[in-house]
Amino acid sequence: MMPHALSVLVWGARAVYSGLKLLPAQRKVVLMTRDLNRMGVDFAMLRESLRERHPDHRITVLEHQKFAPGYVVAALREMYHLATCRAILVDGYIVPVSVLRHRRGLPVGQLWHAMGGFKNFAYLTAGTVDGPDPKVAQVMRMHDNYTFLCSAGSVPSEVFGRAFRADPRSIRPYGMARVDYLLDRERMAAARERLLRHHPRLTEGRIVLYAPTSRRLGGVPYGQLSEAFREQADEQDTLVLLRHPLDRSRVPGGEQTVDGGGIGVLDWLAAADVVITDYSSIVYETALRDIPTIFFAYDLEEFRAGRGFPLDYEAEVPGPIETTAEKAVRRALTTERLDYRSWRRRHLDSVVAEDGSLPDEPPRCADRIVGALQLER
């Protein structure tokens, strides 16, 4: 859609929203996402905290599907809830949250669906084949209106500042709600038990999780990795192939290969012994679980020339980089442990101990985020 046509739609939506803002505000918090499956754990932890700290507030969860069929009706519903709530939390770019003019003082928190960034995103991709048209991004006020953005560490804060074009003062060291989940021993033990019941094979041998990032043109070498694993791994070992939510590729089967779909990545991290990835931010979660992570960067130069990186990739990844499936699998099967402390001191310093060690207890990130909404007012 052309920028001029979008401008007309934005002004029309603002006019409708101005009328809706005349309605009285309710004791209500809106959690808004573009993918309820992807953010299930974060939203669940936030709901728990909200119910415990503010039982007098209603929680409304909205899944935004921009420009989907029938969106006019959905848009009116979204605008009604945004106009009458006390606070908003989002996990990505949500069009009505950014383009509308909200009540003065309405808290709007961004808890991004990735804990950091090893590949470019948001404004860092503007004008590229993987990103928005800069003129459209300007008209649609992409990532505007946030009163605070959540970050788990110094390096992500710097990247978020550039990616969202945010005032550094708005980036807060609250962490992400999923941190509490990943560091909760009881929750992780329960998740592991559920996995083993669903996949009895996983009770024996090593579990290697392959979780690559998405590619615009596809081509993720699941088959190569599966074949290399079959040749090198012991019979009881298992390779779990976990596609990115945007990846529609088919994954190969086999006695030693499991399709990880249908189970969230955080729950897989309750069972994985080692992770193979590429440019995905899953490394933040694996570092919190102390799981050795191997970086299978088979298309590094192509990816660098295309989407690109906000950081020096080779300098920042906290594990070995391999460029062939055979070497990546060999590393995964022989690496016992990696020391993440120095990396966590820079990338996760808001949620770990000063020396980079993991905390004895979860840092209650969900409570930090809920506290920032100032619902006591």
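**Exercise 1. The surroundings of helix α16**

Determine which elements cover the buried residues of α16 in this predicted model, and establish why the helix counts as largely enclosed.

*Solution.*
Step 1. The cover of the buried residues of α16 includes α2 (40-53), β3 (87-90), β5 (148-150) and α7 (177-182).
Step 2. The buried residues themselves are C365, A366, D367, I369, V370 and A372.
Step 3. Helix α16 spans residues 365-372, and six of its eight residues are buried, so the rest of the structure largely encloses it.
Step 4. Just after α16, Q374 adopts a positive phi of about 50°.

**Exercise 2. The packing of helix α6**

Identify the buried residues of α6 and the elements against which they pack.

*Solution.*
Step 1. In α6 (residues 154-164), the buried positions are V155, P156, V159, F160, G161, A163 and F164.
Step 2. These buried residues pack against β5, β6 (171-172), α11 (282-289) and α15 (341-347).
Step 3. Recall the helical repeat: with 3.6 residues a turn, residues of an α-helix that lie three or four places apart point the same way.
Step 4. Just after α6, R165 takes a positive phi of about 50°.

**Exercise 3. The setting of strand β1**

Describe how β1 is covered on its faces and state which strands pair with it.

*Solution.*
Step 1. Strand β1 comprises residues 28-33, and six of its six residues are buried.
Step 2. One side presents K28, V30 and M32, the other V29, L31 and T33; both faces are covered.
Step 3. With β2 (residues 58-63), β1 pairs in the parallel sense over six bridges; here K28 stands opposite R58.
Step 4. With β3, the pairing of β1 is also parallel and runs over four bridges; here L31 stands opposite L89.

**Exercise 4. Cysteines and disulfides**

Determine how many disulfides the structure holds, and explain why C365 is not bonded to C150.

*Solution.*
Step 1. The count of disulfides is zero.
Step 2. For C85, the nearest cysteine sulfur belongs to C150 and is 16 Å away.
Step 3. For C365, the closest cysteine sulfur is also in C150, at 8.8 Å, which is too far for a bond. The cut-off for a disulfide is a pair of sulfur atoms within 2.5 Å.
Step 4. C85 is buried, with a relative accessible area of 2%, and C365 is buried at 0%.

**Exercise 5. Salt bridges and their exposure**

State how many salt bridges a search of the whole structure finds, and classify the partners in selected pairs as buried, partly exposed or exposed.

*Solution.*
Step 1. The search finds 22 salt bridges. In general, side chains of opposite charge can pair when their charged atoms come close.
Step 2. R141 pairs with D144, with the closest N and O atoms 2.9 Å apart; D144 is partly exposed at 32% relative accessible area.
Step 3. R169 and D167 meet at 2.7 Å, N to O. R169 is exposed at 68%, whereas D167 is partly exposed at 36%.
Step 4. R187 and D184 form a salt bridge with their closest N and O atoms 3.3 Å apart. R187 is partly exposed at 26%, as is D184 at 22%.
Step 5. A network of salt bridges links D42, R178 and E285.

**Exercise 6. A nonpolar surface patch**

Locate the residues of the nonpolar patch and assess the exposure of V72.

*Solution.*
Step 1. V16, V72 and L76 make a nonpolar surface patch of about 260 Å².
Step 2. V72 belongs to helix α3 (residues 71-83).
Step 3. The relative accessible area of V72 is 62%; because the threshold for exposed is over 50%, V72 is classed as exposed.

Note on methods: Residues numbered from 1 in each chain as written. Predicted model: local features only at pLDDT ≥ 70, side-chain atom pairs only at ≥ 80, totals over all residues. Heavy atoms only, no water. Buried < 20%, exposed > 50% of the residue type's maximum accessible area, 1.4 Å probe, protein only. Helix = DSSP H or I, 4+ residues; strand = E, 2+ residues; numbered from the N terminus. Contact = heavy atoms within 4.5 Å. Patch = residues over 30% accessible without salt bridge, like charges linked within 9 Å, V, L, I, M, F, W, Y side chains within 5 Å. Areas by Shrake-Rupley, 256 points an atom, 1.4 Å probe, with all protein chains shown as cover. Salt bridge = Lys/Arg side-chain N within 4 Å of Asp/Glu carboxyl O. Pairing = 2+ DSSP bridges.
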